[in-house]
Amino acid sequence: MEFFKKHPIVANILLIILISIILIFLGFWGLDLYTRHGKSVVVPDIKGMQIEEARLLLKKSNLRADIIDSVYSKDAVPGSILDVSPAVGEHVKPGRSIFITINPVNPPLRTIPNVVDMSARQARALLVSIGFEQVYEKLIPGDFIDLAKGIQDNKGKMLNAGERVTLQTPLYLLVVGVSATDSLLTNPTDLQLSDSVKNKKDVQPGDTTNHVNDDESWW
């Protein structure tokens, strides 16, 4: 003790070192408790399950479920789990959150664009780029061939620009495929009258061959 009294600075340094060692030991001990060193659980296979079913299974393994994203897949059951992170089968610490990507219950909606007066190719490319899977062409009469004039659904309803429909909705692109003049139907009666007039014009003056007067009687 006399040494420490004669050298207080040295005593203080040694005391600081001792306290530091104790704090470091306590820190590692607390970290070991917090991280549960040496303990782990396996991420169960919850792919394809509904979220509530998956939560129950994860809870049994002392894990939590956190939905972080949704990606629509027409081949998966609506509301089912598509992907998990960490991956199925990995060893993780108890109490960890498992990040989940699900398939939305309702198909996503997309906005109908304005395709009026676009070329048929441009309009089709635009619809496909948005994600619409079923795009067909329906020819209509008009003044400019190959020009888009609107969009209908599979029930014949006109879809205005700005309306929202599912990506699986069949879309019929109204495209001018025949001129308005050529599309006019001729009245069959007019055709008969036209043929009659033509036949009369074919008769030359003084030509009696193969023409019989309706009032003439035969003996």
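**Reading a predicted model: sheet, helices and loops**

Me: Six bridges join E2 to strand E5 (residues 97–102), and the two run parallel. What is the order of the strands in the sheet to which they belong?

Reply: The model is a predicted one, and a sheet in it is read by following the pairing from strand to strand. Here the sheet is open and has three strands in the order E2-E5-E3, with mixed pairing. Strand E2 (64–70) and strand E3 (81–85) are the edge strands, each of them pairing on one side only. From one strand to the next, the twist averages 30 degrees. For a single pair of residues to look at, take Ala65, whose bridge partner in E5 is Ile98.

Me: Which helix packs on this sheet, and which strands does it touch?

Reply: Helix H3 (residues 51–60) packs on the sheet and touches E2, E3 and E5, its direction making about 145 degrees with that of E2. The next step is to ask which residues the helix buries.

Me: Which residues of H3 are buried, then, and which exposed residues does the face turned away from them carry?

Reply: To read a helix face, one looks at where the buried residues lie around the axis. In H3, the buried residues are Ile51, Ala54 and Leu58. Because they cover an arc of only 60 degrees around the axis, they fall on the same side of H3. What covers these buried residues includes E2, E3 and E5. The face turned away from the buried side carries the exposed residues Glu52, Leu56, Lys59 and Lys60, among which you will notice a leucine, Leu56.

Me: Which residues would I find if I read helix H4 (120–130) in that way, first on its buried side and then on the face turned away from it?

Reply: The buried residues of H4 are Ala120, Ala123 and Leu127. They cover an arc of only 70 degrees around the axis, and therefore lie on the same side of H4. Arg121 and Ser129 are the exposed residues carried by the face of H4 turned away from that buried side. H4 is followed by Gly131, which has a positive phi near 125 degrees.

Me: What should I make of a positive phi when the residue is not a glycine, and where does Asn62 lie?

Reply: The general background is that most residues other than glycine have a negative phi, and most peptide bonds are trans. Asn62, although it is not a glycine, has a positive phi of about 60 degrees, and it takes this value just after H3, in the loop between H3 and E2. At 40% relative accessibility, Asn62 counts as partly exposed. Asp117 is another non-glycine residue with a positive phi, near 70 degrees, and its place is in the loop between strand E6 (109–111) and helix H4 (120–130). With a relative accessible area of 47%, Asp117 is partly exposed.

Me: Where in the chain is the peptide bond from Ser85 to Pro86, and what surrounds it in sequence?

Reply: That bond is cis, with omega near 0 degrees, and Pro86 lies in the loop between E3 and strand E4 (91–92). Ala87 is found in the loop between E3 and E4 as well, and it is partly exposed, with a relative accessible area of 36%. Ala87 and Val43 are 44 residues apart in sequence, yet 7.0 Å apart in space from C-alpha to C-alpha.

Me: Is Thr169, in its loop, buried or exposed, and which residues is it in contact with?

Reply: A loop position has to be judged by its own accessible area. Thr169 lies in the loop between strand E9 (164–166) and strand E10 (171–179), and it is buried, because its relative accessible area is 14% and the cut-off for buried is under 20%. Its side chain is joined to that of Thr166 by a polar contact of 2.9 Å. Leaving aside neighbours within four places in sequence, Thr169 is in contact with Gln134 and Asp153.

Me: How many helices and strands does the protein have, and how much of it is buried?

Reply: There are five helices and ten strands, and buried residues make up 23% of the 219 residues. Among contacts with a separation of 6 or more, residues 24 or more positions apart account for 69%. The protein exposes about 16100 Å², of which carbon and sulfur atoms supply 59%.

Definitions and conventions:
Residues are numbered from 1 along each chain as its sequence is written. This is a predicted model: local features need pLDDT of at least 70, side-chain atom pairs count only at pLDDT 80 or more; totals for chains, interfaces and linings use all residues. Side-chain values use heavy atoms; hydrogens and water are left out. Two strands pair if DSSP finds at least two bridges between them. Helices (H or I, at least four residues) and strands (E, at least two) are DSSP runs, numbered from the N terminus. Axes are lines fitted to C-alpha atoms, for helices over the stretch in contact, and angles run from 0 to 180 degrees between N-to-C directions. Contact means heavy atoms within 4.5 Å. Buried means under 20% relative accessible area, exposed over 50%, partly exposed in between (1.4 Å probe, protein chains only). The arc is that of the directions from the helix axis to the C-beta atoms. A polar contact is a pair of N or O atoms within 3.5 Å; within protein, one must be able to donate a hydrogen and the other to accept it, and residues adjacent in sequence count only if both atoms are side-chain atoms. Accessible areas come from the Shrake-Rupley method with a 1.4 Å probe; for residues, only the protein chains shown count as cover.
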